[in-house]
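Here is a short note to read alongside the structure. Take the points in order, and keep the 3D view open as you go.

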Amino acid sequence: MRQELMSLPKTLAEDVARNLVMVARLIDEDPEQAYAYSRIALRLASRVAAVREAAGFAAYATQKYAEALAEFRAARRMTGSVELWPVMADCERGLGRPERALAMAGEPEVQKLDKAGQVEMRLVAAGARRDMDQLDAAIVTLQSPELASNSVQPWTARLRYAYADALLAAGREDEAREWFAKALESDKDGTTDASDRLAELDGVEFVDAFAEDAEDEADDAEESVRGKDEQAAGAAEVVADEAGDTGADVDAVEDADGGDGERRGGAER
């Protein structure tokens, strides 16, 4: 990417690079914001293949599949590379055209992909079969030497997970559980939710301890407020009672003063 940007004037290249860095940083956490940065980079350098590719992935992350496919096609025309072939096929799925994705899975370009790319293409093809309600075909599509291999590669967990999910959709629960366990075993980076799927199959429910603590704290706070309100109400009653007693005392004093006045008046008279 750096080499491609060297074809631009230095200041422009730096501006484009900054936007591409932001795309990479945000695409997983905030894809909409990443997409916005990709559009800026695209306006600045639309003739750079790396920019078109980044814009394609940002659009893909925000499910703008038609736009993503157009950008991937542009990047492929510029570079002649086939590495984007699987994600292009997945865009076809996103556009509701699984039959086109399957057609792409049978094209000569697939043979030019590296092992990771071929596995990705297999995943896309299996997904297209499932889109077409061809569960058995999806399962067969995923059955491959890569699935049976004991070696763990970056794509192993996702391949096993997809196979387990297809088995479960077909009602083969015992086999699905076995492959979810294998997916979990190979998922060192937590790229799948295989552990949750296994727990679900085993009837285990996870409780969010933090949420429970927060709820308990809220209950305690509410109870404390109620206690303070009751104390305040009790204090108010005491004050009212004391005020009533004081009023009675005042009346008694006033009555007594009235009698003395009359007596004083009589003496004066």
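**Notes on the pockets, two helices and one threonine**

1. Let's begin with the open spaces in this predicted model. The largest pocket holds about 630 Å³ of space. Its lining counts 26 residues, and those nearest the centre are D90, E120, L123, V124 and R158. Try finding these five residues on your screen before moving on.

2. Which helices supply the lining of the largest pocket? At least two residues each come from α4 (49–61), α6 (85–94), α8 (115–131) and α11 (156–169). The largest share belongs to α8, with eight residues. Sorted by class, the lining has 15 nonpolar, two polar and nine charged residues.

3. Now turn to the second largest pocket, where about 310 Å³ of space lies. Here 21 residues form the lining, and M1, L20, A50, E53 and A54 are the closest to the centre. Two or more lining residues come from each of α1 (2–5), α2 (10–26), α4 and α5 (65–79). By class, this second lining divides into 15 nonpolar, two polar and four charged residues. Notice that α4 appears again: it gives at least two residues to the lining of the largest pocket and two or more to that of the second largest.

4. The helix α8 deserves a closer look. Its 17 residues, at 1.5 Å a residue, should span 24 Å, and its end C-alpha atoms are 24 Å apart, so the two values agree. Buried residues in α8 are G117, V119, M121, L123, V124, A125, A126, G127 and A128. They pack against α6, α7 (98–105), α9 (135–142), α10 (145–148) and α11. Two of these buried residues, L123 and V124, are also among those nearest the centre of the largest pocket. After α8 comes D133, which has a positive phi, near 60°.

5. You can repeat the same check on α2. With 17 residues at 1.5 Å each, α2 should span 24 Å; the end C-alpha atoms lie 25 Å apart, which agrees. Which residues of α2 are buried? They are A13, V16, N19, L20, V23 and L26. An α-helix has 3.6 residues a turn, so residues three or four places apart point the same way. Keep that rule in mind as you read the buried positions of α2 again: A13, V16, N19, L20, V23 and L26. Their cover includes α1, α3 (31–44) and α4. L20 is also one of the residues closest to the centre of the second largest pocket.

6. Next, a single residue. T192 sits in the loop between α12 (173–186) and α13 (194–201). Is T192 buried or exposed? It is buried, because its relative accessible area is 18%, and the cut-off for buried is under 20%. The side chain of T192 reaches the backbone nitrogen of A194 at 3.3 Å. Setting aside neighbours within four places in sequence, T192 is in contact with A157, R158, Y161 and D187. You have met R158 already, as one of the residues nearest the centre of the largest pocket.

7. Finally, step back to the whole chain. How many helices and strands does the chain have? There are 14 helices and zero strands. Of the 269 residues in the chain, 32% are buried. Among contacts between residues at least 6 apart in sequence, 49% join residues at least 24 apart.

Conventions. Residues numbered from 1 in each chain as written. Predicted model: local features only at pLDDT ≥ 70, side-chain atom pairs only at ≥ 80, totals over all residues. Heavy atoms only, no water. Helix = DSSP H or I, 4+ residues; strand = E, 2+ residues; numbered from the N terminus. Buried < 20%, exposed > 50% of the residue type's maximum accessible area, 1.4 Å probe, protein only. Polar contact = N/O pair within 3.5 Å; in protein donor to acceptor, adjacent residues only side chain to side chain. Contact = heavy atoms within 4.5 Å. 1 Å grid on protein atoms, 1.4 Å probe; cavity = no way out; pocket = protein on both sides within 12 Å on 5 of 7 lines; lining within 4 Å. Points joined across faces, edges and corners; volume = space filled by probe spheres on them. Nonpolar A, V, L, I, M, F, W, Y, C, P; charged D, E, K, R; others polar. Expected span 1.5 Å × (residues − 1).
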